[in-house]
Amino acid sequence: MSETQRSGRRRGFTTRQLHDGAGAGGWPNARALPIYASAGFTFADFDEAEHRFGPEADGYSYSRVGNPTVDAVERRIAALEGGTDAILLGSGQAAVSVALLSLLGTGDHLVISPSIYEGSRGLFTENFARLGIETTEVVEPLDAASWAASFRPNTRAVFVESIPNPRNDLTDLRLVADVAHAHGIPLVVDNTFATPYLLRPIEHGADIVVHSASKFLSGHGTVLGGVIVDGGVFDWDANTDRYPHLLESAPGRTRFGGFARNSVAMRLGPTPSPFNAFLLDQGIETLSLRVQRQSDNALALATWLEGRPEVSSVDYSGLPGNAYHRLAETYLPHGQGAVFSFTLRGGRAAARTVIDAVDLFTRMTNLGDVRSLIIHPTSTTHVQRTPEQLAAAGITDGLIRVSVGIEDVDDLIDDLGQAFARLEREQPNAHVAGAEPTPLSLEEVAA
Ligand SMILES: Cc1ncc(COP(=O)(O)O)c(C=O)c1O
């Protein structure tokens, strides 16, 4: 389906999330995406079988290699991110693994931002380390010189997140892309939290985009998925000394996507199920509506939290006083996403009370659901980090992370309000900086 109207005008994002990529599969008369729940596909005769295994293969043979339902979703995501190709995988971790293992091998070096998802950090610093791939964390991510100082002759990839979690310490994508390109290295951006509705990293210099599609892209907390988008811009042919393995794949600027699909994803095998691809497609059809509403709700909630005496800080880049607001104006002008954290003055005890008191927020570790979710990182998602690492990242025991849903925002504020009222009852000095919680008397506990 064309990206433009007959008049020549380019269609808007909401129109394209419904129509881009649709129809090219050739399924007869179906308006919604059919689920091709078939492990393999028939060959009409000897010649067709031979063709499907040849270099010019354009049909389907086996679902780990290609599936019509999966293909349709890949086309749609590639179009929405502004890339030339997309590869759908079974999870976000699979997408990060396949993308980076398509660039890195034993003896290579990876440069990362200090603020990335814990699962990605562990993958790089533990699993990749065992394969002989070293990782360096940049010290000052807003400083080009700090990025440049992290490069080595064997550096082969740079990895960042567009909106890091939980503190919304946004990445200056153009700054990082310029340093990476000056070294002949591609920039890989995890765009899970922004989604292509709020930010398209390829427009800001990224070469490869990855997502956990389990979050906002699917949007309903029903499915795991991941995607890699090839920007089709990086000049691999000018850098073949660094990426000689890519010479095996089709020539030109799509060398990366071809290699990632045919050599890494197909062989490692983290294939998405066609049913999950269908659910993901359903989610994408309402992406802009959900993410706009969630961002608007998040801003309203963050603004309310900022005025609360129990709260010492709110890490949301949409707030005018936030240290990353200037970057948000550049990269996220239409909304700053739905995930942010706030810190309670009363520390862990206050966090425990608030988390246990919420009624509408769901206590869980997923993100990007249409429902609002809440979690306490230092006792859950970040439990493997040392106290020094947590302190360096500004993640304290009083910090709570929320993923804001599409509910009526007044109900969300009301829910946190009643949780804060309980906090006030149980720990009357919870609004005093550095205060230890006041233990409850037995009578109060009974009440
Ligand atoms: C930013 C980010 N990237 C990647 C992942 C991994 O995705 P998945 O859980 O789909 O494997 C997550 C999961 O939380 C994430 O938050």
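Here is a short walk through this predicted model, from its two domains to its bound ligand.

Let's begin with the overall layout. The domain assignment splits the protein into domain 1, residues 13-284, and domain 2, residues 288-446. Their C-alpha centres are 31 Å apart. Where the two domains meet, 35 residues of domain 1 are in contact with 37 residues of domain 2.

The size of an interface is often given as the accessible area lost when the parts come together. Here, the area buried between domain 1 and domain 2 is about 3,000 Å², and carbon and sulfur atoms give 58% of it. On the domain 1 side, the residues that lose the most area to domain 2 are Arg-167, Leu-198 and Phe-216, which together account for 23% of what that side buries. Polar groups take part as well: 18 residue pairs are in polar contact between the domains, and the count of salt bridges between them is two. If you would like a salt bridge to look at, find Arg-385 and Glu-118, whose side chains meet at 3.4 Å, N to O.

Now turn to the ligand. Residues surrounding it include Ser-91, Gly-92, Gln-93, Tyr-117, Glu-161, Asp-190, Phe-193, Ser-214 and Lys-215. By class, this shell has seven polar, three charged and two nonpolar residues.

Which atoms of Gly-92, Asp-190 and Ser-214 should you look for beside the ligand? For Gly-92, a backbone N or O atom lies 2.8 Å from a ligand oxygen. Asp-190 places a polar side-chain atom 2.6 Å from a ligand nitrogen, while a polar side-chain atom of Ser-214 is 2.5 Å from a ligand oxygen. Taken alone, the ligand exposes 390 Å², and the protein buries 90% of that.

Conventions: Residues numbered from 1 in each chain as written. Predicted model: local features only at pLDDT ≥ 70, side-chain atom pairs only at ≥ 80, totals over all residues. Heavy atoms only, no water. Near = heavy atom within 4 Å. Polar contact = N/O pair within 3.5 Å; in protein donor to acceptor, adjacent residues only side chain to side chain. Areas by Shrake-Rupley, 256 points an atom, 1.4 Å probe, with all protein chains shown as cover. Nonpolar A, V, L, I, M, F, W, Y, C, P; charged D, E, K, R; others polar. Domains from an automatic or database assignment. Contact = heavy atoms within 4.5 Å. Buried area = accessible area lost by both parts, 1.4 Å probe. Salt bridge = Lys/Arg side-chain N within 4 Å of Asp/Glu carboxyl O.
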